[in-house]
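Reader: Please take a close look at the interior of this model, with its charged pairs and its empty space. I would like one connected account rather than a list.

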Amino acid sequence: MQIIPAIDLKDNKCVRLSEGQDNSSIIFNNDPKQQALYFEKIGCKKLHIVDLDAAFGRPNINLKSIKIIRNSVSMPIQLGGGIRSQEDVNRYFDLGIENLIIGSMSVENPEIVKSLSSNYKNKIYISLDIKDNNVMVRGWEKSSNLEIQDIINLYEKSEIKGYVVTDIKNDGMLKGLNIKFINDVLEKIENKNNNNKSLIIAGGLTSYSDLKNLKKLNTSNIEGVIAGKSFYVGNIDLIKAQMIL
């Protein structure tokens, strides 16, 4: 299990949102490249990038920053936000992004995503953005009317790498991880014999206690946990966090 630092891009700046609300952004760093270099310098093994503008229907605004980050660090990058076509997928992989996180398209065009996962084996994650038990799409603003189990059923035999699950009501709120919620998702994956599918946790990481509680789950399915606001406001030192995990 690893700690995966996050860079959420809006207008080419590092920001954080609360509950995924577009109008709730707070700027934490005007230089995404320097932020990425810092994460690599302290030994982080992977970087999580979200293109918030693209997620909210404003594509290409942050493409320059994404390219600069990719060319500046050697650690693997997983990228999500507004990836809604086969062309988007091909473009990002051509840029050298290692993993893509697909949300809306995985619900609206699952056959295309399954085909892409065959072409890019173990490089695509499906985003499970959950609010009131519903999978949300289109920048978390619209309900898909599907639940977690529906998505797992869709992708159980595909060649995706795994799932990135976000507890939306907990995201950016610094209230602690919802361990019961995480356990429920794990059980759904494991009950489908998806033991080769990994799970990355997002939304709610607040303290070192959260990391210790994750370790207690004693499962090999959890690949990592994303650190966003908990890092930016100083709750978590990533060097210490890496030692805990």
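Author: A salt bridge here is a side-chain nitrogen of Lys or Arg within 4 Å of a carboxyl oxygen of Asp or Glu. The model is predicted, and a search of the whole structure finds 11 such salt bridges.

The pair of lysine 46 and glutamate 223 serves as a starting point: their side chains meet with an N to O distance of 3.2 Å. This salt bridge links distant parts of the chain, 177 residues apart. Lysine 46 sits in the loop between α1 (32–41) and β4 (47–51), while glutamate 223 belongs to strand β12 (residues 222–227). Both lysine 46 and glutamate 223 are buried.

Another pair joins glutamate 98 to arginine 70, at 2.6 Å from N to O. Because glutamate 98 lies in the loop between α4 and β6 (99–102) and arginine 70 in helix α3 (residues 63–72), this salt bridge ties together parts that are 28 residues apart in sequence. The two partners can be placed by the cut-off of 20% relative accessible area, under which a residue counts as buried. Arginine 70 has 9% and is therefore buried, whereas glutamate 98, at 24%, is partly exposed.

A third pair stays within one helix. Glutamate 111 and lysine 114 both lie in α6, 3 residues apart, about one turn of the helix, and their side chains form a salt bridge of 3.4 Å, N to O. Glutamate 111 has a relative accessible area of 55% and is exposed; lysine 114, with 22%, is partly exposed. Salt bridges also link Lys10, Asp22, Asp53 and Arg58 in a network.

The loop that holds glutamate 98 leads back to α4. In this helix (residues 86–95), Asp88, Val89, Tyr92 and Phe93 are buried. These buried residues fall within an arc of 125° when seen down the axis of α4, so they line one face of the helix. Glu87 and Asp94, on the other side of α4, are exposed. After α4 comes glycine 96, with a positive phi near 100°.

Helix α7 (148–155) can be read in the same manner. Its buried residues include Ile148, Ile151, Ile152 and Tyr155. They sit on the same side of α7 because they cover an arc of only 100° around the axis. The cover over the buried residues of α7 includes the helices α5 (104–108), α6 (110–119) and α8, and the strands β7, β8 (134–137) and β10 (162–167).

Next comes the empty space. Rolling a probe the size of a water molecule over the atoms shows where such space is left. The largest pocket has a volume of about 260 Å³. It is lined by 15 residues, of which Ile130, Asn133, Ile148, Phe181 and Asp184 are the closest to its centre. Ile148 has already appeared among the buried residues of α7. At least two lining residues come from each of β7 (124–131), α7 and α8 (179–191), and α8 gives the most, with 5. By class, this pocket lining has 8 charged, 4 nonpolar and 3 polar residues.

How many cavities of 30 Å³ or more are there? The count comes to 2. The largest cavity holds about 610 Å³ of space. Among its 41 lining residues, those closest to the centre are His48, Val50, Asp129, Trp140 and Thr166. The strands β1 (2–10), β4, β7, β8, β10 and β12 each supply at least two residues of this lining, as do the helices α2 (52–55) and α10 (229–232). The lining of the largest cavity divides into 18 nonpolar, 16 polar and 7 charged residues.

The second largest cavity has about 30 Å³ of space. Its lining consists of Val165, Asp167, Leu177, Asn178, Phe181, Ile182, Ile201, Ala202 and Gly203. At least two of these lining residues come from each of β10, α8 and β11 (198–202). The classes here are 6 nonpolar, 2 polar and 1 charged. Phe181 lines this cavity and is also one of the residues closest to the centre of the largest pocket. Helix α8 thus recurs in the account: in the pocket lining, in the cover of α7 and in the lining of the second largest cavity.

Conventions. Residues numbered from 1 in each chain as written. Predicted model: local features only at pLDDT ≥ 70, side-chain atom pairs only at ≥ 80, totals over all residues. Heavy atoms only, no water. 1 Å grid on protein atoms, 1.4 Å probe; cavity = no way out; pocket = protein on both sides within 12 Å on 5 of 7 lines; lining within 4 Å. Points joined across faces, edges and corners; volume = space filled by probe spheres on them. Helix = DSSP H or I, 4+ residues; strand = E, 2+ residues; numbered from the N terminus. Nonpolar A, V, L, I, M, F, W, Y, C, P; charged D, E, K, R; others polar. Buried < 20%, exposed > 50% of the residue type's maximum accessible area, 1.4 Å probe, protein only. Arc of directions from axis to C-beta. Contact = heavy atoms within 4.5 Å.
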